[in-house]
Amino acid sequence: MKKKILCVFIGLLLLFNSDYEVEAASLGISASSKSVTIGSSVTVTVKVSDLAGRFSVSSSNGNVLSGGNSSIWMENGSESFKFTAKQEGSATITVKTISAASFSTGSAFSESKSITINVVKPREKSNNNNLKSLGVDGYNLTPNFNKDTLE
């Protein structure tokens, strides 16, 4: 009788202490920056988890932000894509499932994710490198500060 109870106890213990790992298929997108200047580039990273299949990564406006890939195979991991800023404006980078399936369920997976990137003009640099003012808190300078005085 004691053996039977011990076997049942061990069986229940194994049943309730088993580690069941359930993964959910997911698709994600991120960018190195959400704002870039004309002439520079931004890296967009696509991450898939518990998935394998073909995906497209594209810009909504190639005149503003060009780059991407019309069809790339991905399996459980990430890929990075470089987009080049061509002109001022904004563009949405979208990753779409072309044909993919979940490893854990074997079922088809269809989803898309997007991120918007703003492209701005570079700031114009000034040739004026003069100090605007010079002071020390609690003290008066003698003579008064003059940006043209070099000594």
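**Briefing: a surface patch, two threonines in β6 and a buried alanine**

Leu134 is exposed, with a relative accessible area of 51%. The cut-off for exposed is over 50%, so a value of 51% qualifies. This is a predicted model. Its mean pLDDT is 86. The points below cover confidence, the surface patch around Leu134, and three buried residues: Thr97, Thr94 and Ala85.

**Confidence**
- Of the residues in the chain, 85% reach a pLDDT of 70 or more.
- Strand β8 has the highest confidence in the chain, at 97.
- Helix α1, residues 2-17, has the lowest, at a mean of 55.

**Nonpolar surface patch**
- Leu134 sits in the segment after β8, which spans 112-120.
- Leu134 belongs to a nonpolar patch on the surface.
- The other members are Leu131, Val136, Tyr139, Leu141 and Phe145.
- Together, the patch residues have about 590 Å² of accessible area.

**Thr97 in strand β6**
- Thr97 is placed in β6, residues 89-102.
- Thr97 has a relative accessible area of 15%, and buried means under 20%, so Thr97 counts as buried.
- A polar atom of the Thr97 side chain lies 2.9 Å from the backbone oxygen of Glu111.
- Beyond its neighbours within four places in sequence, Thr97 touches Glu111 along with Phe109 and Ser110.
- Leu27, Arg54 and Phe55 are also in contact with Thr97, with the same neighbours set aside.

**Thr94 in strand β6**
- Thr94 also lies in β6.
- Thr94 is buried because its relative accessibility, 13%, is under 20%.
- The side chains of Thr94 and Ser114 make a polar contact of 2.9 Å.
- Outside its neighbours within four places in sequence, Thr94 contacts Ser112, Lys113 and Ser114.
- Ser56, Val57 and Ser58 are in contact with Thr94 as well, again leaving those neighbours aside.

**Ala85 in strand β5**
- Ala85 lies in β5, residues 69-85.
- Ala85 has a relative accessible area of 3%, under the 20% limit, so Ala85 is buried.
- Ala85 and Ser35 are 50 residues apart along the chain, and their C-alpha atoms are separated by 9.8 Å.
- With neighbours within four places in sequence left out, the contacts of Ala85 include Val36, Thr37, Ile38, Gly39 and Ser40.
- Val64, Leu65 and Val119 are also among the contacts of Ala85, on the same basis.

Note on methods:
Residues numbered from 1 in each chain as written. Predicted model: local features only at pLDDT ≥ 70, side-chain atom pairs only at ≥ 80, totals over all residues. Heavy atoms only, no water. Patch = residues over 30% accessible without salt bridge, like charges linked within 9 Å, V, L, I, M, F, W, Y side chains within 5 Å. Areas by Shrake-Rupley, 256 points an atom, 1.4 Å probe, with all protein chains shown as cover. Salt bridge = Lys/Arg side-chain N within 4 Å of Asp/Glu carboxyl O. Helix = DSSP H or I, 4+ residues; strand = E, 2+ residues; numbered from the N terminus. Buried < 20%, exposed > 50% of the residue type's maximum accessible area, 1.4 Å probe, protein only. Polar contact = N/O pair within 3.5 Å; in protein donor to acceptor, adjacent residues only side chain to side chain. Contact = heavy atoms within 4.5 Å. pLDDT = per-residue confidence, 0-100.
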